[in-house]
Amino acid sequence: MAEETGQEKTEDPTPKRLREAREKGDIPRSKELNATALLLAAGGAMLLFGTSAAHRIAAMMAGNFELRREDMLDSRLMLIHLGASVQEVIWAVIGFMVIVTLAALIAPMALGGLNFSAQAMAPKMSRLNPGAGLKRMFSVKALVELAKAFAKFMLVTSFAITVLMVMTPELFALGGQAVNVAISHAAELVGWSFLVISSSLILISLVDVPFQLYDYSEKLKMTLQEVKDEMKNTEGKPEVKGRIRQMQREISQRQMMTDVPQADVVITNPTHYAVALKYISGDRDAPIVVAKGADFVALKIREIAEEHGVPILSTPPLARALYNSTEIDQEVPTALYKAVAQVLAYVFQLKRYKEKQSDMPKQLSERDMIIPEDYRYD
């Protein structure tokens, strides 16, 4: 993509790009870290179980050399001896194998975590392309791998020579020891030698792990155009998003208009704003806004209110305050409780008067309404 557009990959990979890479099985891995962990685990296991394993195997071999002539001529008994010998060897190395197996399973998860990808298991014909193979052979990564291989050879060789020079007297001393003592001593020497030589690979891992993380990040970097395209595909094109918002507003307005006939009062500006309120005793702590709008929407709210006999009061300061501080199906702010209560009290008294159940209420005056300065939108 970068080659096609002529743009450089300067942007860090997005979460979506990283997620897709994991789904394809593309995660940071370090072969050197895996090999180092496996060899160190093998060396430690050899120190833990090497001596006992050596003695068990030696005892098994000694027992097989002492078989009776009748047993050796009987195929059935020889199969029994073979099964017992195999079982003895398994018990001798079971501890070693468990530790090595756990290391082989856990070490790859140290970098990149646990990941299973069916896509990574699928065959890829591109891997059979000779041109791509030659390109990989002469890439920067191939040179780094060659340098690591040479460094490993030099390190392991130097450590091995050093270990042999240090342990030479003890190796020669094995010939003068009793068999059982020599077996234990030899197993211990092999374990320590293997562990020390394997530890030389730690230096390679300390270099390889940061390089693998850097190489993985560089490989997944994106151009600015790729980031923009991904955002469009994920969030939608601006014109589509605008159309969706418009449709949502239309649906909300249609729902809002159906609630106007159930309102207790419509407070207007008188022409620019209209806010319809409803109070349900015991259901809400305060009246709620069932509809609101400006200009054409305000006109529509007033028309519906007139058709259904909903009282309309022109109180501009309160109308502006409610319009700018509330949303649909939201309770009126605490600061406007008193002003709204005055309006509802007047409306309810007016309704009782029309039903000839009370006297004509006193005309509501804007001067009597208390609108806090924070809610004035003059």
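**Figure 1. Strand 1 and strand 2 pair in the antiparallel sense.** This is a close-up of a predicted model. Four bridges hold the record of this pairing. Strand 1 covers residues 265-268, and strand 2 covers residues 273-278. A hairpin of four residues joins strand 1 to strand 2. Look for Thr268 and its bridge partner, Ala274 in strand 2.

**Figure 2. Strand 2 also pairs with strand 3.** Strand 3 runs over residues 288-294. Here too the sense is antiparallel, with six bridges between strand 2 and strand 3. One opposite pair to find is Leu277 and Val289, the latter in strand 3. The chain has four strands, alongside 15 helices.

**Figure 3. Asp295 has a positive phi.** Asp295 sits in the loop between strand 3 and helix 13, which spans residues 296-307. The phi value of Asp295 is near 55 degrees. Most residues other than glycine have a negative phi. Asp295 is a residue other than glycine, yet its phi is positive.

**Figure 4. Helix 14 is largely enclosed by the rest of the structure.** Helix 14 spans residues 316-325. Why call helix 14 largely enclosed? Seven of its ten residues are buried, so the rest of the structure encloses much of this helix. A residue counts as buried when its relative accessible area is under 20%. The buried residues are Pro316, Pro317, Leu318, Ala319, Arg320, Ala321 and Leu322. What covers them? The cover includes strand 1, strand 2, strand 4 (312-314) and helix 15 (337-354). For the chain of 378 residues, the buried share is 29%.

**Figure 5. Tyr273 and Tyr323 form an aromatic pair.** A search of the whole structure turns up one aromatic pair. The ring centres of Tyr273 and Tyr323 are 4.6 Å apart. Their planes meet at 35 degrees, so the pair is tilted. The pair links distant parts of the chain. Tyr273 belongs to strand 2 and Tyr323 to helix 14, 50 residues apart. Both rings belong to partly exposed residues: Tyr273 has a relative accessible area of 21%, and Tyr323 has 22%. Now find Lys292. Lys292 lies over the face of Tyr323, at 4.8 Å from the ring centre.

**Figure 6. Asp329 is another residue with a positive phi.** Asp329 lies in the loop between helix 14 and helix 15. Its phi is near 65 degrees, and Asp329 is a residue other than glycine. Is Asp329 buried or partly exposed? At 48% relative accessibility, Asp329 counts as partly exposed.

**Figure 7. Met222 is buried in a loop.** The loop lies between helix 10 (201-220) and helix 11 (224-235). Met222 has a relative accessible area of 2%. That value is under 20%, so Met222 counts as buried. Which residues does Met222 touch, not counting those up to four places away in sequence? The list includes Glu8, Lys9, Thr10, Glu11, Asp12, Pro13, Thr14 and Arg17. Val227 and Glu230 are also among the residues touched. Thr10 is 212 residues away from Met222 along the chain. Even so, the C-alpha atoms of Met222 and Thr10 are separated by 6.3 Å. Contacts over long stretches of sequence also appear in the figures for the chain. Among contacts between residues at least 6 apart in sequence, 76% join residues at least 24 apart.

**Figure 8. His185 is buried in helix 9.** Helix 9 spans residues 179-199. His185 has a relative accessible area of 17%, so it counts as buried. Which residues are in contact with His185, leaving aside its neighbours within four places in sequence? They are Glu170, Leu174 and Gln177.

**Figure 9. UniProt places the feature "transmembrane region" at four spans.** The entry is unreviewed, and the spans are residues 37-58, 89-116, 149-169 and 189-211. Two of these spans are shown here. Residues 149-169 are 100% helix, and their end C-alpha atoms lie 31 Å apart. Residues 189-211 are 96% helix, with end C-alpha atoms 35 Å apart. Strand content is 0% in residues 149-169 and 0% in residues 189-211. The chain exposes about 24300 Å², and carbon and sulfur atoms supply 63% of that area.

Terms used: Residues are numbered from 1 along each chain as its sequence is written. This is a predicted model: local features need pLDDT of at least 70, side-chain atom pairs count only at pLDDT 80 or more; totals for chains, interfaces and linings use all residues. Side-chain values use heavy atoms; hydrogens and water are left out. UniProt positions are given in the numbering used here, feature names are shortened, and annotations may be inferred rather than shown by experiment. Helices (H or I, at least four residues) and strands (E, at least two) are DSSP runs, numbered from the N terminus. Buried means under 20% relative accessible area, exposed over 50%, partly exposed in between (1.4 Å probe, protein chains only). Contact means heavy atoms within 4.5 Å. Accessible areas come from the Shrake-Rupley method with a 1.4 Å probe; for residues, only the protein chains shown count as cover. Rings of Phe, Tyr and Trp (its six-membered ring) pair if their centres lie within 6.5 Å; planes under 30 degrees apart count as stacked, over 60 as edge-to-face and the rest as tilted. A charge sits over a ring if NZ of Lys or CZ of Arg is within 6 Å of the ring centre and within 35 degrees of the ring normal. Two strands pair if DSSP finds at least two bridges between them.
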